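Please load the model and keep a selection prompt at hand, since the tour below moves from one selection to the next. Each stop says what to pick and what is found there.

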Amino acid sequence: MAVSSTPHKLRKKKKEASQPATSSNEMASSDSKAIVQSPAFPLVAFFWPARKNTSQWVILPLVLMVVGLFRWCTGLWGYSGFQTPPMHGDYEAQRHWMEVTTHLPISQWYFYDLEYWGLDYPPLTAYHSWLLGKIGSMVNPSWFALDSSRGIEQQLLKVYMRATVIVSEYLTYIPAAIILSRRLAQLRGVSKWESSIALVAILMQPATILIDHGHFQYNTIMLGFVLASMSCMLSDHPIWACTFFVAALCYKQMALYFAPAIFAYLLGVCLLPRLHIGRFIGIASITLLSFALIFAPQLLGSLYDTHRGTSQPLSTIDRHVNPLFALVLPYIDPQSLFYPLLLQLTQTIHRVFPFVRGLFEGKVANMWCAIHTIHKLHTYPIPLLQRVSLFATLMSILPACMIISLFPQKELLPWALASSAWGFFLCSFQVHEKSDLLPLLPLTILLAGDGGLGVEMRAWIGWANMLGVWTLFPLLKRDELRVPYYVLSLLWAYLMGLPPTSLDLYIGKQASKSGMRLSTKALHLTFYAVMAAWHLLEAFVEMPKGKPDLWVVLNVLIGVAGFSICYLWCTWQLILRSGVMEEWFGFRAQMQAKGTEQKEEKKALLSPGNGTRATPPREAKSGKRQKKS
């Protein structure tokens, strides 16, 4: 009996999308005789079972849970200023700002008791502190009681403060990192599987976790706004890019490290390949509007407090605290409407940019601190040091700004940001140890691009990150964060296949196939060996008498040498990838060829073989004169 055919056709099974054997990121390694491929480094091994058709909506929640767990475990250790009265540390500063913003009128936020952790960040940080302080006061009002809560170290308060960092990061930095990594993958044709691997490497960056969740700060909010701005620029939305970057600037002034490169890129987009007047006006307008909207609550609040009589009276204002306002005070009437506005604006600028503090604070691996160890800079006047620092900073960021403005290409943006940020970190005024998070951010983001997880790129980016977290060790040691430091830095090195956990990048099979230069291998391995030796000396060798900071000074000198190499490498890569070298040498070759052709034409005209007599120059001129006459 014949079987009746079914009315529905069976759907053909789709072919499984396997990874190409020759990936630009070199995710798999195999012997010449073997057919089966194996993961190139441990982080790929964790994702190896998901390389076929596993949904990203399955991978992404697992990734977010794992990276969140490491952040929370880091927060179980010490923090800045724990049991170190009277000033404590950054933890107490952040808590104190919540205390001040929730109890005082907005007009007094930047004036109240400046000697005890006075507010010295832009208004968006103050608004964020106000929100967290209000929420925390609902749980326990004593945590943020005015003045009486100073130095409080309750365990439940620590849990709340740590939770605010994680929640803030999951609302800003992590979504921005996910979107940007996907955007870079689409732009450069990288698979989602490889993009997920790069995302884990970015989110597990040890320096960011140790500073924000160990030492205690909210840097990832500012970094998240920067990533959101980069994502908007890559997707051709410059208006939104300006909005997010203004938010980054108004949260932490350290975002200025990226400002010259972003300005140059947006200027290049407006001018090339043709002039876009409308785009330029739109970018300028939205930038001013964004600043105005962020400063509006503070300025309008000061007017309201003046109307109510709760603002800071003139008799209590020390003119030496705010020299900017002292300059305009003789020309403005205290009863004028602009008086409280100028007072708030100048005081905020004065607090945000503390030039009176000196060239650098603490021992940081930048150029000025390294020079200070050899030749003392505090003997020079501060205005002179400010001008020298400004000139050095401008010279260091000039190459990146010029190239990204003349060649406003999307794939060059991370390189330009990294070069600009390294220049600021090495040469600018008032640099902190924690500021190396800024140049490391665009450099680490490059892992999500084409070839970012390849051998050479992974070697350079991994080396820069390991060097960056190593320079933070003296700061982390003071906060009793040695164990999280070793665990997170060695774990990241293991996942990325970096020294000291693995040498495959430099002397293994991957190194032989990558074509990495011998000089690069020697440079990186020398720095890894020096960093390991420094840890052994710091742990087991007692410092000589009279030199209590010897190991920290060595850390600074080694760090500034490595960071200078990072700056030069990023700038050189930006120059190479922009094509400016090909255009320059091509133009020179074209001009030389043109000059050679002209010389050959002259020789041909003057040679006797072409049927004419070779006329000497003087005879030729006299012949021309005779013809004219």
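How far away is the nearest side chain of opposite charge from Asp-436, a residue without a salt bridge? In this predicted model, the side chain in question is Lys-434, at 9.2 Å, and Asp-436 is buried all the same. Select Asp-436 in the loop between H17 and helix H18 (437-445), and then display its surroundings: setting aside neighbours within four places in sequence, Asp-436 is in contact with Phe-425, Gly-468, Thr-471, Leu-472 and Phe-563.

Stay in the loop between H17 and H18 and select Gln-430, which is also placed there. Its phi is near 60°, a positive value in a residue that is not glycine, and Gln-430 counts as buried because its relative accessibility is 12%, under the 20% cut-off. Most residues other than glycine have a negative phi, and most peptide bonds are trans.

Further along this loop, add Glu-433 and its partner Arg-478 in helix H20 (residues 473-478), a pair that links parts of the chain 45 residues apart. Their side chains meet in a salt bridge, with N and O 3.8 Å apart. The two ends are covered to unlike degrees: Glu-433 counts as buried at 13% relative accessibility, whereas Arg-478 counts as exposed at 56%.

Now zoom out for a view of the whole chain, whose secondary structure comes to 27 helices and two strands. Of its 629 residues, 50% are buried, and among contacts between residues at least 6 apart in sequence, 76% join residues at least 24 apart. The chain exposes about 31700 Å², of which carbon and sulfur atoms supply 66%.

Next, show the charged pairs; a search of the whole structure finds 11 salt bridges. One of them joins Arg-71 to Glu-169, with the closest N and O atoms 2.8 Å apart. Arg-71 belongs to helix H2 (residues 56-74) and Glu-169 to helix H5 (residues 155-171), so that the pair links parts of the chain 98 residues apart, and both residues are buried. Another salt bridge is formed by Arg-150 and Asp-113, at 2.5 Å from N to O. Here Arg-150 lies in the loop between helix H4 (123-139) and H5, and Asp-113 in the loop between helix H3 (90-103) and H4, so the pair ties together parts 37 residues apart in sequence. Arg-150 is partly exposed, with a relative accessible area of 29%, and Asp-113 is likewise partly exposed, at 30%.

Select helix H11 (259-271) next. Of its 13 residues, 10 are buried, among them Pro-260, Tyr-265, Leu-266 and Cys-270. To see what covers them, display helix H9 (219-234), H10, helix H12 (277-308), helix H16 (382-406) and helix H17 (413-427), against which the buried residues of H11 pack. A distance between the end C-alpha atoms of H11 gives 18 Å, which agrees with the 18 Å expected for 13 residues at 1.5 Å a residue.

Follow the chain into the loop between H11 and H12, where Pro-273 is found. The peptide bond from Leu-272 to Pro-273 is cis, with omega near -5°. A further cis peptide bond joins Pro-499 and Pro-500, with omega about 5°; Pro-500 is found in the loop between H21 and helix H22 (504-507).

For another backbone angle, go to Phe-216 in helix H8 (residues 206-216). Phe-216 has a positive phi of about 90° although it is not a glycine, and it counts as buried at 0% relative accessibility.

Which residues should be selected for the nonpolar surface patch of about 940 Å²? Choose Leu-256, Leu-324, Leu-327, Val-328, Leu-337, Phe-338, Leu-342, Leu-345, Ile-349, Phe-353 and Phe-355. Helix H13 (323-328) and helix H14 (338-352) each supply at least two of these residues, and H14 gives the most, with four. Leu-256 is placed in the loop between helix H10 (238-251) and H11, and at 32% relative accessibility Leu-256 counts as partly exposed.

Finish at Val-487 in helix H21 (residues 482-496), which is partly exposed with a relative accessible area of 46%. Show Pro-206 alongside: the C-alpha atoms of Val-487 and Pro-206 are separated by 9.2 Å, while the two residues are 281 residues apart along the chain.

How values were computed: Residues are numbered from 1 along each chain as its sequence is written. This is a predicted model: local features need pLDDT of at least 70, side-chain atom pairs count only at pLDDT 80 or more; totals for chains, interfaces and linings use all residues. Side-chain values use heavy atoms; hydrogens and water are left out. Patches are made of residues with over 30% relative accessible area and no salt bridge: like charges are joined within 9 Å, nonpolar side chains (Val, Leu, Ile, Met, Phe, Trp, Tyr) within 5 Å. Accessible areas come from the Shrake-Rupley method with a 1.4 Å probe; for residues, only the protein chains shown count as cover. A salt bridge is a side-chain nitrogen of Lys or Arg within 4 Å of a carboxyl oxygen of Asp or Glu. Buried means under 20% relative accessible area, exposed over 50%, partly exposed in between (1.4 Å probe, protein chains only). The expected span of a helix is 1.5 Å times one less than its number of residues. Contact means heavy atoms within 4.5 Å. Lys and Arg count as positive and Asp and Glu as negative; His and the chain ends are not counted.
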